[in-house]
Amino acid sequence: MHRPPITRTTLVAVLLALLTLTVTAALLLPTPHHGTAARPACTGRTLASWSVDPGPTRAFAHYGDDGSRTDGWTGGDGTHSVRLPDGRTLWLFSDTFLDRVHPPPNPQGAPHRWRTTENGGTPFLRHNSLVVTDRSGTPERTLTGGGATAPGPFFPDAPGGGWRWPVHATVEPRAPGAAEQVVRVLLWNRAPGTGPWIFGAPHGTEVATLSLPDLRLTSITPVVDQSTVTDPARRVLYGTSLVRDGDWSYVFGGDDPPSTPADSGYLARVPTGRLADRAAWRFWDGAHWQPDAGRAVPVLRGAGRRGVGSAFTVVRDHGTWVLFTMDTPAGGAAGLRTITGYWSCSPQGPWHGPVGRITPPRPAGPDPHHVVVYNPQAHPEFTTDAGLLLSYDVNWLGPPGTAADPVVNGDVELYRPRFLRARLAPVGR
């Protein structure tokens, strides 16, 4: 059969039709995000329900109450954790109590386990310690610095009289692509201060490197120096939370203005394997990632009912970024009673909230009105069907000028972490 010749006009029409079909098909296909697999859809998440998880609470209480030890952890705050490659978990604490715990009654006749000083020493180890738990979650040893007769902080005090508080930790390659894994620990370097800075004026953020599997401290590297910022209230310390996402570690931090109950949250990111490399850090300035920490702007600004506490935590849940913090904008005692949350579709925001509230249980103590909770921290490596494991610290905050040590030594439950399971659900359900 004779076919008519293809004219130039017909050829152009056919090509245009094919191009139209190709473009239409491309628009209908889902767009992958940084790879071939599309990310889960982002929806608002809120605290739906929660329950007490007595297991980890009892494990640390049993370890701390072991009267056969006088050089191990018996209490602490600033609770962070990181799962090690061999299945153990490394727990990082800030201020720490050591020495011996005795059964009740305490010297005041109250039915509390109590802590005492041995051989004229001090039961309080300022600044930091580490506790290693085995694969079952049972604490097995305490890591400190100094010697057996004079233990000191695991991360030694900074030169010039400052000290170091460990915050978030992660396991990453010693260098990008390296086979050797190390533990990186973010440290807050604080300098001695007075007035509103009695707990130390912010000085900068450092990264400590620990070898594996022996957990030996091999280096401490400054990564974000804030000493040149004249006003301490405007200095930002990074590391209250770290979330790994793809090839990046997103590191959250905050300022600490003493005149307001709410802090502002900030954000940096670092390529995996380069957390201890200052040149690799980039800071969010509201529009771009750039190397000057001084140009960072808040991703969650503390104002009105919004803001974060001095320590907060961030996790990923069903494609959504979720932040937990004390409900500090409430102010006063309410800000040290309840935990609330925020959510976002990206680490740099916008952050929506506050949404949801948790009022976790507190030990009664000798003066329940002054017992406070603070520093909520997520431990996603322990997530189960029961929910996300969330810890919070407990302390006694008496009237100004009243020493807390006699109270927390008289009832050791007042300075130990407690744990609960938080379950999240879409906003509006």
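This report walks through the aromatic rings, salt bridges, second largest pocket and unusual backbone spots of a predicted model.

## Before we start

Because the model is predicted, local features need pLDDT of at least 70, side-chain atom pairs count only at pLDDT 80 or more, and totals for chains, interfaces and linings use all residues. Residues are numbered from 1 along each chain as its sequence is written, and side-chain values use heavy atoms, with hydrogens and water left out.

## Aromatic rings

Let's begin with the rings. The structure holds 17 aromatic pairs. Here, rings of Phe, Tyr and Trp (its six-membered ring) pair if their centres lie within 6.5 Å; planes under 30 degrees apart are stacked, those over 60 are edge-to-face, and the rest are tilted. One of these pairs is Phe154 with Phe155: the ring centres are 4.9 Å apart and the planes meet at 85°, so this pair is edge-to-face. How much of each ring residue is accessible? Phe154 is buried at a relative accessible area of 12%, and Phe155 is buried too, at 0%. (Buried means under 20% relative accessible area, exposed over 50%, and partly exposed in between, with a 1.4 Å probe and protein chains only.)

There is also a group to look for: Phe60, Trp73, Trp91, Phe93, Phe382 and Phe419 form one aromatic cluster. One member, Phe382, has company from a charge, as the charged end of Arg83 sits over its ring, 4.7 Å from the centre. Similarly, the charged end of Arg269 sits over the ring of Trp248, 3.8 Å from its centre. To count as sitting over a ring, NZ of Lys or CZ of Arg must be within 6 Å of the ring centre and within 35 degrees of the ring normal.

## Salt bridges

Next come the charged partners. A search of the whole structure finds 14 salt bridges, each one a side-chain nitrogen of Lys or Arg within 4 Å of a carboxyl oxygen of Asp or Glu. Take Arg416 and Asp65, whose closest N and O atoms are 2.9 Å apart. This pair links distant parts of the chain, 351 residues apart: Arg416 is in the loop between helix H3 (405-410) and strand E28 (418-426), and Asp65 is in the loop between helix H2 (54-64) and strand E2 (75-76). (Helices, H or I with at least four residues, and strands, E with at least two, are DSSP runs numbered from the N terminus.) Both Arg416 and Asp65 are buried.

Arg164 and Glu206 make another salt bridge, at 2.6 Å from N to O. Here too distant parts of the chain are linked, with Arg164 in strand E13 (residues 163-173) and Glu206 in strand E15 (residues 201-210), 42 residues apart. Arg164 counts as buried at 8% relative accessibility, as does Glu206 at 7%. Strand E13 turns up again in the next pair: the side chains of Glu172 and Arg184 meet in a salt bridge of 2.8 Å, N to O. Glu172 lies in E13 and Arg184 in strand E14 (residues 181-191), so the pair ties together parts that are 12 residues apart in sequence. Glu172 is buried at 0% relative accessibility, and Arg184 is buried with a relative accessible area of 5%. Finally, salt bridges that share partners join Asp65, Arg113 and Arg416 into one network.

## The second largest pocket

How much space lies in the second largest pocket? It is about 450 Å³. The pocket is lined by 23 residues, and Arg234, Val236, Asp255, Tyr266 and Ala296 lie nearest its centre. On a 1 Å grid over the protein atoms alone, a pocket is an open set of points where a 1.4 Å probe fits, with protein on both sides within 12 Å along at least five of seven lines, and lining residues have an atom within 4 Å of a point. The volume is the space filled by probe spheres set on the points, which are joined across faces, edges and corners.

By class, the lining has 11 nonpolar, seven polar and five charged residues. Ala, Val, Leu, Ile, Met, Phe, Trp, Tyr, Cys and Pro count as nonpolar, Asp, Glu, Lys and Arg as charged, and the others, Gly among them, as polar.

## Backbone oddities

Two peptide bonds deserve a look. The one from Gly349 to Pro350 is cis, with omega near 5°, and Pro350 is found in the loop between strand E24 (339-344) and strand E25 (352-358). The bond from Gly353 to Pro354 is cis as well, with omega near 5°, and Pro354 lies in strand E25.

Which phi angles are worth checking? Asp99 has a positive phi of about 70° although it is not a glycine. Asp99 lies in the loop between strand E5 (96-97) and strand E6 (100-102), and is buried at 8% relative accessibility. Leu215, also a residue other than glycine, has a positive phi near 60°. Leu215 is in the loop between E15 and strand E16 (217-225), buried with a relative accessible area of 3%.
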